[in-house]
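I opened the notebook to record what I looked up in this structure. The entries follow the order in which I checked things.

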There are 2 protein chains.
Amino acid sequence: METNAIFPKGDKLTNGYFTGDAFLKVLLARDKNSDFLLGNVTFEPGGRTNWHTHPKGQVLIVIEGEGFYQEKGKPAQVIKKGDVINIPENTEHWHGASARTEMTHIAITHFKDDVNVVWLHPVSEQEYEEVNKP
Amino acid sequence: METNAIFPKGDKLTNGYFTGDAFLKVLLARDKNSDFLLGNVTFEPGGRTNWHTHPKGQVLIVIEGEGFYQEKGKPAQVIKKGDVINIPENTEHWHGASARTEMTHIAITHFKDDVNVVWLHPVSEQEYEEVNKP
């Protein structure tokens, strides 16, 4: 772990919806005032989510490193420490580290009814190599 | 500004509800999915909020330094980098830096109708000295 990290790295995500190494530290469970899951996700270089959607959107707050955010059919955006990404509802996208840098973000993942994410297929090696081209 | 800060410091709070120096950087405005104000608050040593309440609560995520969180009638808690504080609704409290250290936190401040904070009286010098005693 980085000596300067804000949060413990948490548990390695092994749910099959990530490629490479990603870790989740839950910061706050959903409750009557906060209708979201609050967590911190650390992506090692090469680590990324599958393509997915959120029925009520998600807010990412990048606190360390640099990586990518990409909506389906659009160019990938470089995201880095200090960036806030407001992801719309029902919008297919992925996020993660770059091939050569780690990236850590806080995630505020809103619930609609009892669902906060709908997982889709992995980001292919070809798709990922494309966004990592210099 | 700290060279390693995650966010710009933002604007000095001059609304009369803070003692000492505190700065706000708004990270995200309330919208249809996020029924809260998302901001980052930096308290210089000695800086603190007035006593106040939130009609639907607030979540603090401490990202730098060390300070205090105190609910009315209870001992102050030391809060530091990595701590998450889930503040209940309608609960009188204050937060801020210690007399000798700065403290920076992200704040997720929920709205109830169109109100997310009710400001009360300042934390007196006597109250503040009391919690800063070694």
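Entry 1, a residue pair. I looked up V59(B) and found that V59(B) stands opposite N86(B) in β9(B). This is a predicted model, and I keep that in mind for every entry below. I then checked the two strands as a whole: β7(B) and β9(B) pair in the antiparallel sense, over 4 bridges.

Entry 2, the other partners of β7(B). How many bridges join β7(B) and β11(B)? I found 7 bridges, with β7(B) and β11(B) antiparallel. As an example I noted G65(B), whose bridge partner in β11(B) is M103(B). Next I looked at strand β10 of chain B, residues 93-97, which is joined to β7(B) by 5 bridges and runs antiparallel to β7(B). There I noted that Q70(B) has W94(B) as its bridge partner in β10(B).

Entry 3, the hairpin. Strand β8 of chain B covers residues 77-80, and I found 4 bridges between β7(B) and β8(B), which run antiparallel. Within this pairing I noted E66(B), which stands opposite K80(B) in β8(B). I also looked at what links the strands: β7(B) and β8(B) form a hairpin, with 5 residues between them. In the turn I picked out G73(B), which has a positive phi of about 85 degrees.

Entry 4, burial of β7(B). Is β7(B) mostly covered or mostly open? I found β7(B) mostly covered, with 11 of its 14 residues buried. A general point I wrote in the margin is that side chains in a regular strand alternate between the two faces of the sheet.

Entry 5, the contact between the chains. I looked up how many residues each chain brings, and the contact takes 19 residues from chain B and 19 residues from chain A. Which elements of chain B give two or more residues to the side that touches chain A? I listed β3 (22-28), β7 (58-71), β9 (84-87) and β11 (103-110) of chain B. Of the elements, β7(B) gives the most to this side, with 3 residues. I also sorted the residues on the side of chain B that touches chain A, and they divide into 10 nonpolar, 6 polar and 3 charged.

Entry 6, how the copies meet. I found that 100% of the interface residues of chain B are also interface residues in chain A, so the copies meet through the same surface. I then looked at the superposition: chain B can be laid on chain A with an RMSD of 0.0 Å by a turn of 180 degrees, with a shift of 0.0 Å along the axis. The two copies are thus related as by a two-fold rotation axis.

Entry 7, chain A overall. I counted 1 helix and 12 strands in chain A. From the N terminus on, the elements run β-β-β-β-β-β-β-β-β-β-β-β-α. Why do I call chain A as compact as a globular protein of its length? The radius of gyration of chain A is 14 Å, close to the 14 Å that the globule rule gives for 134 residues, so the description holds. Along its principal axes, the C-alpha trace of chain A spans about 45 × 40 × 25 Å. Of the 134 residues of chain A, 37% count as buried. I also noted that residues 24 or more positions apart account for 68% of the contacts in chain A with a separation of 6 or more.

Entry 8, confidence. Chain A averages a pLDDT of 96, and 98% of the residues score at least 70. For the complex, the predictor gives an ipTM of 0.96 and a pTM of 0.96.

Technical notes. Residues are numbered from 1 along each chain as its sequence is written. Chains are lettered from A and ligands numbered from 1 in the order in which they are written. This is a predicted model: local features need pLDDT of at least 70, side-chain atom pairs count only at pLDDT 80 or more; totals for chains, interfaces and linings use all residues. Copies are superposed by least squares on the C-alpha atoms of residues with pLDDT of at least 70 in both. Two residues are in contact if their C-beta atoms, placed from the backbone, lie within 7 Å. Ala, Val, Leu, Ile, Met, Phe, Trp, Tyr, Cys and Pro count as nonpolar, Asp, Glu, Lys and Arg as charged, and the others, Gly among them, as polar. The radius of gyration is taken over C-alpha atoms; the globule rule is 2.2 Å times the number of residues to the power 0.38. A residue is buried if 20 or more other C-beta atoms lie within 10 Å of its own, exposed if 12 or fewer, and partly exposed in between; C-beta atoms are placed from the backbone. Two strands pair if DSSP finds at least two bridges between them. pLDDT is the predictor's confidence in each residue, from 0 to 100.
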